[in-house]
Amino acid sequence: MGILLILAGLVVLLVLLWQWHYHKNKVYFESKRIPYRGNGIFRVVLNSFKGLSILDDVISSYKRDKAENALVTGNNDFGVITLGIQDPDLLKAILVKDFDHFADRRMFSAPKNDYLFKKMLFFQKGEQWKALRSKLSPTFTTGKIKRLFSLFDQSGKKLVKYVEQEIGGNGDGGEFDIIEAYSKFTMDIIASSVCGIDSHAFDQKEPSFFEKMGQKMQLSFDGFTLLKIIVISLSTTIGDFFGFSFFARDVQDFFSVAIKSSIHDRQVKNEKRNDFIQLMLEAREDKLKIEDHELDRFERDAIIKTETTTDKASTAELLDDDGIVANAVLFMLAGYDTTQSLLIFVAYALALYPDIQDKLRTEIDQVLEENGGEFSYDSLNKMTYLDMVINETLRFYPPATVTDRGCTKDYKIPGTEFILKKGQGLIIPIYGLHHDADYFPEPEKFDPERFSAENKAKINQYAYLPFGGGPRNCIGMRFALAEVKVAISHLVHNFRIEPSKKTLIPMKFSKSNSLKPQGGMFLGLHKIQH
Ligand code: HEM
């Protein structure tokens, strides 16, 4: 009885403390004319136990902020002040002009057991990040992706064969879950072009060993993972004490051994191969350069303007063999789920809008005919309608629904009296901005024409952030777009895509990390006889 009373007392005390803390923060933020939204991480975890996803939170928070005309909102996430920024002009300043204040992510440190984390670009901070990003950026230029194109195209051809088999090869396949085929396609490309390994993904229906390992490497933001993130972000020591990690040891060891033996093999044979490991080996020795003519606006924004103070020796250490393994695995982590998500929703949109599909097929077939029946990197980049369809899909269904920044130097938020301090952070609600009628009229209408040559210029670039923005944007954008164009072109040339009985209309999203449909993406695929 005594213990129960003490426990009840402790609970009451905790609730009172929580309320006092909430009230104190509310008064603080409101004195700076910024609405207070409480503890964002706690809200997301609580919601996940109620069956709501991070996206549900992004959507409802954005709607509320919009209704209150709040362009900046405040959170206190377990002691870390985090602002939500809904204003594209402010985002332009934060992402590009004043980037020096926001070079980091709002990140926790890596748990001991996740040994691959430590050398990944995504988790680097300050000067270390600058040095590594400068080394890796030249591996993703047009010229380098062009070198990998034949690998992408081979996977595209394997994708067509696989779909043909799955739908029975008789031209009337009926229903088909396209996620499985896209999972094989994206994993096959990562295996060949990033790791220099044959994934064997298309050899069988069941996932191959490489596929299984790659899938085990993906993060899912379920309630337990979110709890782990909270514990680790509060104290890595406590996380390590409980043996928390995000990735299983055997999976990390698998990639470590496979990639290191591929490096060793080519060093012994003095052999150069056509993959990212090769590019990273060349980047390690500063043999890669970016030509200015290779850059578009998005990439010019991404140029790191300040010189890095990290010396040459520690830069080389960032990309030693462990660094190459870590970053090859990061490309799989960052590129597998996101690219798959985009592919899934392009197929869905094409099934729902047959006119768009027909128009796209006309463009693809024409380019194919002009190129003697084969695709090339340049021919795919000439397809303007394909580009428009992809851009609109990225707007409507952005694979990454939010991104973040960590403050590296105190920053007075323009238009407010608020000073964001070093170590605090901000959240960028990509999905909310993409569905905001102020920036995209009739936002719930799927309309590739928004991205036509004449309309594109009207779009506010900082309200359209599928790949983020500024120097810390997505390094893999060109890679992703090239592989997505290959897959769509092969698929649309060979199959008519239609909704089937199990197609989700309207769409319901799952609770996974990237935007994904609930329970698979079932569509009807029908072979086109050429
Ligand atoms: C459709 C596919 C993809 C989408 C929508 C996407 C989206 C994003 C977004 C929104 C960010 C955060 C950017 C920011 O905060 O400004 C990001 C970061 C990143 N992405 Fe992608 N991504 C895709 C594919 C890829 C691929 C294929 C790779 C690698 C091969 C990749 C590698 C990365 C890396 C390494 C970062 C962290 C960059 C850094 O912190 O310096 N992504 N991506």
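**Ligand shell, domain contact and local features**

A polar side-chain atom of T403 sits 2.6 Å from an oxygen atom of the ligand. The model described here is predicted. Two further residues place polar atoms beside ligand oxygens. In R105, an N or O atom of the side chain is 3.0 Å from an oxygen atom of the ligand. In G469 the polar atom belongs to the backbone, and its distance to a ligand oxygen is 3.1 Å. Four elements each give two or more residues to the shell around the ligand. These are the helices α5 (126-136), α15 (321-352) and α21 (477-494), together with the strand β4 (403-406). T403, the residue named at the outset, falls within the bounds of β4 (403-406).

The whole shell holds 28 residues. W129, T403, R405, R472 and C474 are the closest to the ligand. Which element supplies the largest share of the shell? Helix α15 does, with seven residues. By class, 16 residues of the shell are nonpolar, eight are polar and four are charged.

The domain assignment splits the protein into domain 1 (1-31) and domain 2 (32-527). Their C-alpha centres are 40 Å apart. Nine residues of domain 1 and 13 residues of domain 2 take part in the contact. The size of an interface is often given as the accessible area lost when the parts come together. For domain 1 and domain 2, the buried area is about 1,000 Å². Carbon and sulfur atoms account for 66% of that area. On the domain 1 side, W18, Y28 and F29 lose the most area to domain 2. Together these residues make up 58% of what that side buries.

What polar links cross between domain 1 and domain 2? Six residue pairs are in polar contact across the interface, with both residues at pLDDT 80 or more. Salt bridges between the two domains number zero. The side of domain 1 that touches domain 2 consists of four nonpolar, three polar and two charged residues.

Across the whole structure, the search finds 39 salt bridges. One of them pairs R37 with D65, and the closest N and O atoms of this pair are 2.7 Å apart. R37 lies in the loop between α1 (2-31) and α2 (40-49), while D65 belongs to helix α3 (residues 54-67), so the salt bridge ties together parts that are 28 residues apart in sequence.

Two local backbone features complete the description. The peptide bond that joins I505 and P506 is cis, with omega at about -5°. P506 lies in the loop between β8 (495-499) and β9 (522-527). The other feature is at D286. This residue is not a glycine, yet D286 has a positive phi of about 55°. Where does D286 lie? D286 is in the loop between α12 (276-284) and α13 (297-301).

Technical notes. Residues are numbered from 1 along each chain as its sequence is written. This is a predicted model: local features need pLDDT of at least 70, side-chain atom pairs count only at pLDDT 80 or more; totals for chains, interfaces and linings use all residues. Side-chain values use heavy atoms; hydrogens and water are left out. A residue is near a molecule or strand if one of its heavy atoms lies within 4 Å of it. A polar contact is a pair of N or O atoms within 3.5 Å; within protein, one must be able to donate a hydrogen and the other to accept it, and residues adjacent in sequence count only if both atoms are side-chain atoms. Ala, Val, Leu, Ile, Met, Phe, Trp, Tyr, Cys and Pro count as nonpolar, Asp, Glu, Lys and Arg as charged, and the others, Gly among them, as polar. Domain bounds come from an automatic or database domain assignment. Contact means heavy atoms within 4.5 Å. Buried area is the accessible area (1.4 Å probe) that two parts lose on being put together, summed over both. A salt bridge is a side-chain nitrogen of Lys or Arg within 4 Å of a carboxyl oxygen of Asp or Glu.
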